[in-house]
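Please open the structure in your viewer and keep the sequence panel beside it, so that residues can be selected by number as the tour proceeds.

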Amino acid sequence: MSDPSKTNLITLTRHVFQDQVENYKEASGDLTLLLTAIQLGCKFVASNVRKASLISMTGLANSSNVQGEEQKKLDVIANEIFVNALRSSNKVAVMVSEEDEEAIIVDAQHRGKYCVVFDPLDGSSNIDCGVSIGTIFGIYKVKEGSTGQISDVLRPGSEMVAAGYCTYGSCSTLVLTTGQGVNGYTLDTEIGEFILTHPNIQIPSRGKIYAVNEGNSKYWDGACTKYFHSLKFPEDPKKAPYSARYVGSMVADVHRTMLYGGIFCYPADSKSKNGKLRILYECFPMAFLVEQAGGRATTGRKRMMDVQPETIHSRSPIFLGSKEDVEDIEAFYKAEA
Ligand code: AFP
């Protein structure tokens with residue numbers, strides 16, 4: 001008989017559909033179909049990232065996005081792929097992309113009941129040197145009675161119904177939560193399917209790695225300065241200092257934190273009063289995933305998922321990862337209060 005692990009494949013679509021049938025009796029299958037559109041976007045981007053240098057897709061596209069950053073050709077293409085796939089799924093009412101200044105309200109003909117907030121290609125400054133990058137997404141349901149407007153996405157992260165990211169590195173792994181734990185699915189490029197490879201991801205309760213842009217340390221506040229110093233020069237002489245790792249692509253740094261534990265930080269500082277990362281499509285989805293994996297995510301002073309975003313591109317400081325590591329930075333902020 002053949003090996004069932006090779007013939008009874010658990011694809012992402014099969015797994016999510018099974019979860020919906022078992023855990024949400026009223027589910028219509030719409031979320032599964034919406035996730036199919038997201039998977040298509042991820043597969044297309046994964047394929048283009050792999051051959052970007054060969055087909056001249058690195059470099060600038062001669063335009064800048066809403067944050068005033070230069071857009072890469074792949075950023076533009078990735079955005080178009082996701083917008084088209086999501087619109088044609090007929091499951092989406094509102095889209096917010098890092099690359100578009102305004103939210104996209106889907107026309108009545110194609111409108112569905114979900115809102116998707118996403119960063120189609122996060123870490124794009126790493127594209128040209130082949131370092132891991134990724135896509136991040138979060139999903140809300142439109143509010144009762146709404147046909148889709150900005151207020152459907154200007155909500156705390158705790159109201160998201162699903163979130164995930166996809167890495168484009170040595171392999172492409174899509175990590176997803178629908179609020180029932182976290183699972184990771186690795187793209188089998190030969191059959192074009194995401195296969196369950198990391199069931200029920202649990203972040204270790206304490207790690208040994210910290211990730212932060214140390215180059216900003218002269219701008220840090222007192223709590224951050226003391227916290228990072230404590231990691232490098234532990235009070236207890238028997239304790240080893242933490243290791244530093246920083247890719248500069250949130251997806252890669254968070255993925256490592258999910259699997260190995262530790263802490264990922266992008267603090268506010270005297271240069272960037274609200275930090276750098278965007279609440280809707282960077283902080284919330286990652287905070288949702290981390291909490292679902294048993295970790296913790298905070299602004300330093302408040303649970304990340306409870307933040308109320310003021311605009312679709314608002315930013316926030318964020319610290320996320322192993323529960324005990326995040327509690328440590330929270331204690332430093334509490335002491336400063
Ligand atoms: P880019 O998309 O401009 O490369 O920014 C990536 C990012 O939004 C996030 O993925 C990283 O964690 C963070 O910015 C890195 O920022 P610094 O370069 O300031 O450390």
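The tour below goes through the nonpolar cores, then the aromatic pairs, and then the salt bridges of this predicted model.

**The nonpolar cores**

Begin with V153, Y165, M258, L280, M286, M304 and L320, which are the residues with the most contacts inside the largest nonpolar core, a set of 44 residues. Next, colour the elements that each supply at least two residues of this core, among them strand 3 (92-97), strand 6 (133-141), strand 7 (162-168), helix 6 (250-260) and strand 15 (318-321). Helix 7 (279-292) also belongs to that list, and with ten residues helix 7 gives the most to this core.

Keep helix 7 on screen and select L280. Leaving aside residues up to four places away in sequence, L280 touches V96, V117, Y140, V153, M160, P285, P309 and I312. Then select I38, V92, C166 and L187, which are included in a second, separate core of 39 residues.

**The aromatic pairs**

Now show the aromatic side chains; six aromatic pairs are found in a search of the whole structure. For one of them, select F82 and F118, whose ring centres lie 5.9 Å apart with the planes at 40°, so this pair is classed as tilted. F82 sits in helix 4 (residues 73-88) and F118 in strand 5 (residues 111-122), so that the pair, 36 residues apart, links distant parts of the chain. F82 and F118 are both buried.

Which residues join into one aromatic cluster? Select Y210, W220, Y227, F228 and F332 together, for these residues form that cluster.

**The salt bridges**

The structure holds 16 salt bridges, and three of them are worth selecting one after another. Start in helix 6 with R256 and D253, whose side chains meet in a salt bridge with an N to O distance of 3.0 Å. Because these two residues are three residues apart in helix 6, R256 and D253 are separated by about one helical turn. Are the two partners buried or exposed? R256 has 14% relative accessibility and therefore counts as buried, and D253, at 0% relative accessibility, counts as buried too.

Return to helix 7 and select E291 together with R303; their side chains meet in a salt bridge at 2.8 Å, N to O. This pair links distant parts of the chain, as R303 lies in the loop between strand 14 (296-298) and strand 15, while E291 lies in helix 7, twelve residues apart. R303 counts as partly exposed at 34% relative accessibility, and E291 likewise counts as partly exposed, at 24% relative accessibility.

From there, select R296 and E330, which form a salt bridge with their closest N and O atoms 2.8 Å apart. R296 is in strand 14 and E330 is in helix 8 (residues 323-336), and this pair, 34 residues apart, again links distant parts of the chain. With a relative accessible area of 31%, R296 is partly exposed, whereas E330, with a relative accessible area of 17%, is buried.

Finish by selecting R206, E324, D325 and D328, which are joined into one network by salt bridges that share partners.

Methods. Residues numbered from 1 in each chain as written. Predicted model: local features only at pLDDT ≥ 70, side-chain atom pairs only at ≥ 80, totals over all residues. Heavy atoms only, no water. Phe/Tyr/Trp six-rings, centres within 6.5 Å; stacked < 30°, edge-to-face > 60°. Helix = DSSP H or I, 4+ residues; strand = E, 2+ residues; numbered from the N terminus. Buried < 20%, exposed > 50% of the residue type's maximum accessible area, 1.4 Å probe, protein only. Core = buried A, V, L, I, M, F, W, Y, C linked by side-chain atoms within 4.5 Å. Contact = heavy atoms within 4.5 Å. Salt bridge = Lys/Arg side-chain N within 4 Å of Asp/Glu carboxyl O.
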